[in-house]
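Okay, thanks for squeezing me in. I'd like to walk you through the empty space in this protein, then the packing, then a few odd spots in the loops. Have a look at the screen first.

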Amino acid sequence: MTQIQIDAAFDSGNIEVLSISGTTARLKIRKDHQSDFFQWFHFRVSGCAGRELELKITGLGASAYPGGWDGYNAAVSEDREFWGRATSSYDKSEDGGTLTVRYIPDANVAWFAYFAPYSMDRHHDLISGAALELGVDHRVLGRSLDGQPIDCLELGEGDRQVWLYARQHPGESMAEWWIEGALDCLTDPADPVGRKLRQLCRFHIVPNANPDGSYRGHLRTNAAGMNLNREWASPSAEKSPEVLAIRNAMDETGVHFAIDVHGDEAIPAVFLAGFEGIPSHSPQQQAGFDRYKTILERRTPDFQTRLGYPVAGAGKANLTMSTNQVAQRFGAVAMTLEMPFKDNNDLPCEAQGWSPERSAILGRDCMGSLLEWLSEATLA
């Protein structure tokens, strides 16, 4: 029997091949550089048309979020456009914790990933396409440790400063799909929500805050092994120039409203985390956050408020995290948006689970919610 071949030497690729026997493979995820974080995988299987694959990803009990594997199905694509799900099962007692992925491809090449990848090529297409739109400015806020640009798209004529930024954690690729949806709304001349928001706001949009980690196939860190969402209190040019560049730009513009976009490995839902516990916390600031949650929950069945992270007590907020730092530093209504790697259990999709398409639609819904939020604030 001809053996399948497995490769990961490409943009955002990550897997180590331990053994292959026919159509069965034992695999291992490579850790982030200079870090113990690992969970993201992305690899290609060839020589597989019509053959039942059994792909065993081992050692997952030591991964960043072992609780993320129960109930999880790997993302799979044969054309790199549509990403479905391959039947997967997790056994914590097998080989240090093993995810077994089973799939029969129609094509001779199939791609597997922790979530549908958002490549650096697509990122550059997003930047170039948006920069061509009327009224959209592009600037480079700084450079990553590997020398990649930290791209920022700016648009709108209003006086409310809105920051949208994604992929501090590079393996959370759904975040850049969300940005794509938000940008589609904001740059579509026929979209009344986008047109009105551009009248009211000045948007600063960073689609990928961690291009090095994205390209290297990291889950959570940059080229120096730094978790960027723990660098906001004192970012440095040596270890976290990405955060330093973004925070410095925020200092120039100020911030009234901000969404830091992420994905959560374990919780099968879309939710928001706020800034409760910051030293300067005020009832007015909290009311603004709570009102946005209420609006978003009403506008889309993909959002809920039952599940989420524990709320920090008074004065206990971690100011190294983006949302807390931005809320404290600028008095902004800031928030972390989390989307699932698994599925949204409130509205499950057997074929795709949570998907790029739903991430992008949520981006549009969040913009519609922002407009309603601003309109209510004006009326108040």
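So, how many nonpolar, polar and charged residues are there in the lining of the second largest pocket? The lining breaks down into 7 nonpolar, 3 polar and 9 charged residues. Before I go on, bear in mind that this is a predicted model, and every value I quote is computed from it.

Let me stay with that pocket for a moment. The second largest pocket encloses about 470 Å³. It is lined by 19 residues, and the ones closest to its centre are Arg80, Pro117, Ser119, Arg122 and Trp177. Three helices each put at least two residues into this lining: α1 (120–131), α2 (174–187) and α8 (356–379).

Keep an eye on Arg80, since there is something else to say about it. Arg80 sits in the loop between β6 (74–77) and β7 (84–91). Its phi is positive, about 60°, and it isn't a glycine. As a reminder, most residues other than glycine have a negative phi. So Arg80 is on the list of residues closest to the centre of the second largest pocket, and it also has that positive phi.

While we're on backbone angles, there is Asp95, another non-glycine with a positive phi, this time about 50°. You'll find Asp95 in the loop between β7 and β8 (98–103). Is Asp95 buried, partly exposed or exposed? It counts as partly exposed, because its relative accessibility is 39%.

Right, on to the largest pocket. That one holds about 640 Å³ of space. There are 35 residues lining it, with Ala273, Gly274, Tyr309, Pro310 and Met321 closest to the centre. Which elements supply at least two lining residues each? On the strand side, β14 (257–264), β15 (271–273) and β16 (333–340) do, and on the helix side, α6 (283–299) and α7 (322–330). By class, this lining splits into 13 nonpolar, 13 polar and 9 charged residues.

What about closed-off space? The count comes to 1 cavity of 30 Å³ or more, and the largest cavity has a volume of about 30 Å³. Its lining includes Trp83, Arg85, Phe115 and Trp354. By class, that lining has 6 nonpolar, 3 polar and 1 charged residues.

Now the packing. The largest nonpolar core has 106 residues, and those with the most contacts inside it are Phe43, Leu55, Phe112, Trp163, Trp178 and Phe203. The element giving the most to this core is α2, with 9 residues. And α2, remember, also supplies residues to the lining of the second largest pocket. If you want one residue to click on, take Leu55. Leaving out residues up to four places away in sequence, Leu55 touches, among others, Ile4, Ile6, Leu27, Val45, Leu99 and Val101, as well as Phe43 and Phe112.

Last stop is Asn210, in the loop between β13 (201–206) and α4 (211–216). Why does Asn210 count as buried? Because its relative accessible area is 0%, and the cut-off for buried is under 20%. A polar atom of the Asn210 side chain lies 3.0 Å from the backbone nitrogen of Gly213. Beyond its neighbours within four places in sequence, Asn210 is in contact with Arg167, Gln168, Pro170, Thr221, Asn222 and Leu228.

That's my tour. Happy to rotate anything you want to see again.

Conventions: Residues numbered from 1 in each chain as written. Predicted model: local features only at pLDDT ≥ 70, side-chain atom pairs only at ≥ 80, totals over all residues. Heavy atoms only, no water. 1 Å grid on protein atoms, 1.4 Å probe; cavity = no way out; pocket = protein on both sides within 12 Å on 5 of 7 lines; lining within 4 Å. Points joined across faces, edges and corners; volume = space filled by probe spheres on them. Nonpolar A, V, L, I, M, F, W, Y, C, P; charged D, E, K, R; others polar. Helix = DSSP H or I, 4+ residues; strand = E, 2+ residues; numbered from the N terminus. Core = buried A, V, L, I, M, F, W, Y, C linked by side-chain atoms within 4.5 Å. Buried < 20%, exposed > 50% of the residue type's maximum accessible area, 1.4 Å probe, protein only. Contact = heavy atoms within 4.5 Å. Polar contact = N/O pair within 3.5 Å; in protein donor to acceptor, adjacent residues only side chain to side chain.
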